[in-house]
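Reader: Hello! I am new to reading protein models and would like a close look at one small part. Could you then connect that part to the rest?

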Amino acid sequence: MADFNRAIALILTVALVANLAVTGNADGDKKIQVKTVKGKKVCLQGWECNVWSVYCCNQTISDIFQVYQFENLFSKRNSPVAHAVGFWDYQSFILAAADYEHLGFGTTGGKLMQMKEIAAFLGHVGAKTSCGYGVATGGPLAWGLCYNREMSPSQDYCDDSYKYVYPCAPGAQYYGRGALPIYWNYNYGAVGEALKVDLLNHPEYIEQNATLAFQAAIWRWITPIKKKQPSAHDIFVGNWKPTKNDTLAKRGPAFGTTMNVLYGDYLCGKGDNDPMNTIVSHYLYYLDLMGIGREEAGPHDELTCAEQVAFNPTVAPKIESS
């Protein structure tokens, strides 16, 4: 059954890639369909934004973020010393993003905000999958997407307290995998439910299909971890309005708060620290490479979460993202 599922996933990916190759591009091949619903203009844009939405009236991600830019950002990912050679590519990212563009991922606001969100999301991804270090060829920020899995898992990440909701499958290991690495059975279970893929029994699918790995990461980016809390997407694009308690906790609608909602007090509220600074550095580096410029990122105190109180303080010594 596992081989059958992988075969189906491969067929679907090949079909979508073929569609990507022959349909819209930045030169305007895509036809925008427009209608009015309850006084609001909504649109469709071919395969890439194929659910009626206000966001589909904007440029799509493939219009503003193209192959050469992806290659610039992740220039060392296929180097011989990398650990996921041949796995990650632009097509996988675009195919994954197409499932979320009608929800506003990379399609909110004008072109500047759209590109900034892509840089922000990929800044997290690059930092979390990097094998760069201080003297690495090309510099430490050129090595994003070097990994697609945790190389030396210290445990199987099975939490039996979730056995009635997300029971661990016999022999399954829930170590970190993906573009924003997924850890623990309950996280694989939740992501699998959202994507309609049996990740609880087959967590290995994430390291076998780059489109699925990007889909999981984008889903995490646009989905609140808890009700009445914002997603990283809503924080970044300004959909979220901080409460008085958020302001007292030094949480605002800026890049730094995306780290808070994704990683909590593993990174945030600990003053200046290397893991946090690595994510910020990737974001700024990607803004430069994409032609936006790091000056568009805003002041330093909006880029970090050093002094922020975590949305979800740790209650047990477990890390959901690493």
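In the hairpin of E2 and E3, which residue takes a positive phi, and how many residues are between the strands?

Author: Happy to help! This is a predicted model, where local features need pLDDT of at least 70 and side-chain atom pairs count only at pLDDT 80 or more, while totals for chains, interfaces and linings use all residues. Residues are numbered from 1 along each chain as its sequence is written, and side-chain values use heavy atoms, with hydrogens and water left out.

Your residue is Gly46: its phi is positive, near 55 degrees, and the hairpin has three residues between its strands. Strand E2 covers residues 40–45 and E3 covers residues 49–53; the two run antiparallel and are joined by two bridges. One partnership to look for is Cys43 with Ser53 in E3. Strands here are DSSP runs of type E with at least two residues, helices are H or I runs of at least four, and both are numbered from the N terminus. Two strands pair if DSSP finds at least two bridges between them.

Now widen the view. The hairpin belongs to an open sheet of three strands, ordered E1-E2-E3 with antiparallel pairing. E1 (32–37) and E3 stand at the edges with a single partner strand each, so one side of each has no neighbour in the sheet. On average, neighbouring strands of this sheet are turned by 20 degrees against each other, direction ignored (the axes are lines fitted to C-alpha atoms, and angles between N-to-C directions run from 0 to 180 degrees).

Next, the helices. Gln114 sits in helix H5, residues 111–128. Because its relative accessibility is 2%, Gln114 counts as buried (under 20% relative accessible area; exposed is over 50%, partly exposed in between, with a 1.4 Å probe and protein chains only). Leaving out residues up to four places away in sequence, Gln114 touches several others, among them Asn58, Gln59 and Ile64; contact means heavy atoms within 4.5 Å.

Helix H6 (residues 185–195) has eight of its 11 residues buried, so the rest of the structure largely encloses H6. Its buried residues, including Tyr186 and Leu195, pack against helix H7 (210–222). After H6 comes Lys196, with a positive phi near 60 degrees.

Finally, the rings. The whole structure holds 20 aromatic pairs (rings of Phe, Tyr and Trp, for Trp its six-membered ring, with centres within 6.5 Å; planes under 30 degrees apart are stacked, over 60 edge-to-face, the rest tilted). Phe255 and Tyr283 are stacked because their ring centres lie 4.3 Å apart and their planes meet at 10 degrees. Phe255 is in helix H10 and Tyr283 in helix H11, 28 residues apart, and both are buried.
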